[in-house]
Amino acid sequence: MRKKRPDFILLFTILALVLSGLIMILSASSIKAEQLFSNSYYFFNNQLKYLVVAVIISLVIYKFKYEKLKNLAPYLLLIALGSLILVLIPGVGRMAGGSRRWLPLGPISFQPSEFAKFTLVIYLAAYIAKNKEQMKKFKEGILPPIIVIALMAFLILMEPDLGTAVTLSAVAAAMIFVGGIKIFLFLILGVSATLISFAAIFSEAYRRERLLTFLNPWQDPLDSGYHIIQSLLALGSGGLFGVGAGNSHQKFLYLPEPGTDFIFAVLGEEFGLIGTLFVISLYFVLTWRGLRIAARVDDPFASMLAVGITSMIVIQALINMAVVTSLMPVTGITLPLISYGGSSLVINLTALALLLNISCYVKG
């Protein structure tokens, strides 16, 4: 099929999310940046640098023949697994906040789990497209990808990073479901994954504490419940229209991680319910256009890529917003395209550039 113009609604939605992210990082991270680096623009400037890299890579991916990724999928998977192993090696992976999640690459740090999510989407899209008729079977169909998913999730869990492991598993589940797995098998896998998640939670004291805090954050408002209480105070203070851009009180070192995990709370405080609904609507449009592309492209590989990329962005966004609004325990998941984070920005924009690439081949 001849390549057409990209989905401009999707393109402008992506641009709106990126612009919203830059505005919020400039505001939400300024006080922490001033405290840590004596430069209130430190995180904002870093995000701009990563954005330049992300745009360059995205332009290359947009022009790239996406069909080639099908043959590259096994090699990308090996690179992702290798990087997940490397980051766990003391002296190689960089520790921060009690987790070993970053690989230093000269002046920058790279987060292998972000690359692993995108790589898993490519691998599953290639596998499902090739084995569409086998997906209803266990041994010949879904067992190989389950092994890969479990291995990736385990390596990420070892960092430790339960939130990313859960997100990765949820994205994989969405793709396998769309790929044609039997409902009975899907339910068995879902129950098994849930039991494993609870086992992982109760195996570590701090995870158990987070779960108990989620049930009643006011039981310990100055320690375990502090994060979510400050987040709810920020959201509640915003009201309908917010306190105004740059006028957040919670970012003055009351709210932990105001530029990353809890940036949505600062957004709600400064721009109110209207601002949060605007961002939620952008994710809704992204979901609509992504699934529309998946439904209208003839190539099964491209269709599954569209499902995976859309799921990768939206599921993480839903988890982040659920945490910030106290609908889920705290997981340490950032808000895609909005929160500060170089690896996340580069990977997510690259994935969305691939989605725009695929949108050029839709019917109608």
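How many cavities of 30 Å³ or more does a search of the whole structure find? I ran this on a predicted model, and the search gave two.

**Entry 1, the largest cavity.** I noted a space of about 40 Å³ for the largest cavity, and then listed its lining, which consists of Val 18, Gly 21, Leu 22, Ile 25, Gln 47, Leu 51, Leu 337, Ile 338 and Leu 345. Looking up which elements give two or more residues to this lining, I found helix 1 (8-28) and helix 3 (42-63), with helix 1 giving the most, namely four residues. Sorted by class, the lining of the largest cavity holds seven nonpolar and two polar residues, and I found no charged residue there.

**Entry 2, the second largest cavity.** Here I recorded about 30 Å³ of space, lined by Asp 261, Phe 262, Asn 320, Val 323, Val 330, Thr 331, Gly 332 and Ile 333. I divided the lining of the second largest cavity into four nonpolar residues, three polar ones and one that is charged.

**Entry 3, helix 9.** I turned next to helix 9 (residues 205-215) and asked which of its residues are buried. They are Arg 207, Leu 211 and Thr 213, and because they cover an arc of only 160 degrees around the axis, I place them on the same side of helix 9. On the other side of helix 9 I found Leu 212 and Leu 215, both exposed. Checking what covers the buried residues of helix 9, I wrote down, among others, helix 6 (138-157), helix 7 (162-179) and helix 8 (183-202).

How values were computed:
Residues are numbered from 1 along each chain as its sequence is written. This is a predicted model: local features need pLDDT of at least 70, side-chain atom pairs count only at pLDDT 80 or more; totals for chains, interfaces and linings use all residues. Side-chain values use heavy atoms; hydrogens and water are left out. On a 1 Å grid over the protein atoms alone, a cavity is a set of points where a 1.4 Å probe fits but cannot get out, and a pocket is an open set with protein on both sides within 12 Å along at least five of seven lines; lining residues have an atom within 4 Å of a point. Grid points are joined across faces, edges and corners, and a volume is the space filled by probe spheres set on the points. Ala, Val, Leu, Ile, Met, Phe, Trp, Tyr, Cys and Pro count as nonpolar, Asp, Glu, Lys and Arg as charged, and the others, Gly among them, as polar. Buried means under 20% relative accessible area, exposed over 50%, partly exposed in between (1.4 Å probe, protein chains only). The arc is that of the directions from the helix axis to the C-beta atoms. Contact means heavy atoms within 4.5 Å.
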